[in-house]
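Colleague: Please walk me through this model, and start with the backbone.

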Amino acid sequence: MHGLISDRPLLISSLLEHAARYHGNTEIISVDSQDKTIRSNYENVNIRSKKLAQALIKLGAKKGDTIATMAWSNLRHYELYFGVSGIGSICHTINPRLFPEQLVFIINDAKDKFLFIDIDFIPLIEKLMDKITKIEKIIVLCDKIDMPNSSIIKNLISYEDLINGENGDFDWPLFDEKTASSLCYTSGTTGNPKGVLYAHRSTVIHAFAAAAPDAMNLSARDVIMPIAPMFHANAWAIPYVTTMVGAKLVLPGRNLDGESVQNLIENEQVTFTAAVPTIWLMLFEYLEQSGKKLDSLKSCVVGGSACPRFMMEKFYEKYGVEVLHCWGMTETSPIGTINRPLAKHYGQSFSERLDVAVKQGRPVYGVEIKITDENDITLPNNGKDFGNLWIRGPWICSGYLNIEKSETHGEDDWFMTGDVATIDEDGFMQITDRTKDVIKSGGEWISSIEIENFAVGHPSVMEAGVIGVFHPKWDERPLLIIVKNENAKVSKEEILDFLKDKIVSWWMPDDVVFVESLPHTATGKIQKLALREQFKDYKF
Ligand code: AMP
């Protein structure tokens, strides 16, 4: 027998509809791609998103079609989140920092039908035009008068022109809440980027979980600024959460340097924000130079990479900001764990509290985690044993787009994260290492295997291993470790020179060291964990 409760679907459009109805005057502030500040509110944005929906339907967008965005965190991008998903199409947010070959791969893999881009990215797309044949229309996120000329892309459309032809008299359609809503590719794995396809249901229940007091603790009284870009796991889903609670939203655009971030926090009285550690370091540098403060800011999420202890100390002691250490992935929508103290931690000294706060936190409701040894045996939660970290729950991906058999998805809905962790008696998880062969630098992934493959192409190199080593600004940077061929003479400079035209500059190893041999597994693979251990005290 079914329960006697309405099965009205949980749809992304309902978040905006609610905000427009009950928080209609609440502001949305956005820095657009030409650095102009735009002020709007939920009522207007709902109408504009509906106009966008009408225009998309006229252009031929259908349920299940993939519609791509390549844009900074700004108002029009936010409207696309709702206008595209709201009609049952899939909003594919593309990370413009990927390489041209990766961009071509994901645009074709996702079968993107239309592409909405900020002006800045037109030169990037121009270079790919002959390889991305499925895209039917390209719409530029600007006014008609700001439209650029492109001799390569024919028939560019202005976003404002497109939506101005509509009246906004539109009811968001109802459909199955399990319908796909949005798509984000992760490059945090080896091989080609992999598509993570979110659903309306997963997005809405994730937003409920994210807003809860022991998670981000957000309400209509907050002013929320996501700094994590809208092409990174939907700005960590913060635009959805903010809309759900009807808080004032600040979308910071493309400039994420310390001064721009501090100005927005101060001018808009931001109370909550979220970013990777590299952003906070740039902010600290500016605060120190300028003597400015973060008076309105109550709390901030640090995630994407581990939050160092000194960063927490500084936020708490110097700026009075509460730090929430979070762990998550593109595959986990992204919240997995968040660090909030328990009742038993009150009364502890600051230093004792920090001992706990530097861990990546406890699972929020909906999420289960476990750690296993190399034989997939579950390890105890004792804060000491470490093993492969697995996660499952209603907003964790169950596979990757267009990949028949995912190697990281196990039985009973468990997903293997590629992180290595401990879990203590209270459920606080701490990342200790990573099994996936990628390096995270300033929040973006670098593939160690690709650098190794190029390095072994040098005639003097017998074997090459690349590992991520701690870096004070970028969190991790690649270190290239080389075994030379017998009697070969080659210098670090020659190796770097050899790599220069093969990999982009931000993938270049920060240093090259020569060793006699590399550690290997029984099957002959380079043992990265042992290599990282060997170089754990290495400093650039
Ligand atoms: P992405 O899918 O690009 O968001 O990357 C997810 C990965 O980033 C995780 O699997 C971790 O390796 C890493 N990560 C995310 N948050 C943290 C954190 N708080 N501490 C350490 N590593 C993290």
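Colleague: Where is Asp376 found?

Modeller: Asp376 sits in the loop between strand S17 (368–372) and S18, where helices (H or I, at least four residues) and strands (E, at least two) are DSSP runs numbered from the N terminus. This is a predicted model, in which local features need pLDDT of at least 70 and side-chain atom pairs count only at pLDDT 80 or more, while totals for chains, interfaces and linings use all residues. Residues are numbered from 1 along each chain as its sequence is written, and side-chain values use heavy atoms, with hydrogens and water left out.

Colleague: And what is phi there, for Asp376?

Modeller: Phi of Asp376 is positive, about 65°, although the residue is not a glycine. Asp413, in the loop between S18 and S19, also carries a positive value in a residue other than glycine, with phi near 70°.

Colleague: Which residues does the cis peptide bond join?

Modeller: Ser333 and Pro334 are joined by a cis peptide bond, with omega about 10°, and Pro334 belongs to the loop between strand S14 (322–328) and strand S15 (335–338).

Colleague: Switching to empty space, how many cavities of 30 Å³ or more does the structure hold?

Modeller: It holds two. On a 1 Å grid over the protein atoms alone, a cavity is a set of points where a 1.4 Å probe fits but cannot get out, a pocket is an open set with protein on both sides within 12 Å along at least five of seven lines, and lining residues have an atom within 4 Å of a point. Grid points are joined across faces, edges and corners, and a volume is the space filled by probe spheres set on the points.

Colleague: OK, what lines the largest cavity?

Modeller: The largest cavity has a volume of about 60 Å³, and its lining includes Pro277, Thr278, Leu281, Phe310, Phe470 and Asp475. Helix H11 (277–290) and strand S23 (461–471) each supply at least two of the lining residues, and the largest share, three residues, comes from H11. By class the lining has six nonpolar, two polar and two charged residues, with Ala, Val, Leu, Ile, Met, Phe, Trp, Tyr, Cys and Pro counted as nonpolar, Asp, Glu, Lys and Arg as charged, and the others, Gly among them, as polar.

Colleague: And what about the second largest cavity, what is its volume?

Modeller: The volume of the second largest cavity is about 40 Å³, and Ser333, the residue of the cis bond, is one of its lining residues, together with Tyr198, Ser202, Thr203, His206, Asn234, Ala237 and Tyr240. Helix H7 (residues 200–211) provides the largest share of that lining, three residues, and the division is three nonpolar, five polar and no charged.

Colleague: Now the open one, how much space lies in the second largest pocket?

Modeller: About 1200 Å³ lies in the second largest pocket, and of the 40 residues that line it, the closest to its centre are Asn388, Arg434, Thr435, Lys436 and Asp437. Strand S19 (415–423) is among the elements that give two or more residues to this lining, as are helix H14 (448–455) and helix H16 (528–534), and S19 gives the most, with five residues. The lining is made up of 11 nonpolar, 15 polar and 14 charged residues.

Colleague: How is the protein divided into domains?

Modeller: The bounds, which come from an automatic or database domain assignment, give domain 1 (12–25 + 36–202), domain 2 (359–434) and domain 3 (439–534). The C-alpha centres of domain 1 and domain 2 lie 32 Å apart, and their contact (heavy atoms within 4.5 Å) takes 12 residues from domain 1 and eight residues from domain 2. Between them these two domains bury about 710 Å², 64% of it on carbon and sulfur atoms, where buried area is the accessible area (1.4 Å probe) that two parts lose on being put together, summed over both.

Colleague: And how many salt bridges does the rule find across that interface?

Modeller: Zero across the interface of domain 1 and domain 2, taking a salt bridge as a side-chain nitrogen of Lys or Arg within 4 Å of a carboxyl oxygen of Asp or Glu. In the whole structure the search finds 34, one of them between the side chains of Asp120 and Arg254 at 2.7 Å, N to O.

Colleague: What does the pair of Asp120 and Arg254 tie together?

Modeller: Asp120 lies in the loop between strand S5 (112–117) and helix H5 (122–126), and Arg254 in the loop between strand S11 (248–251) and helix H10 (258–268), so the pair links parts that are 134 residues apart in sequence.
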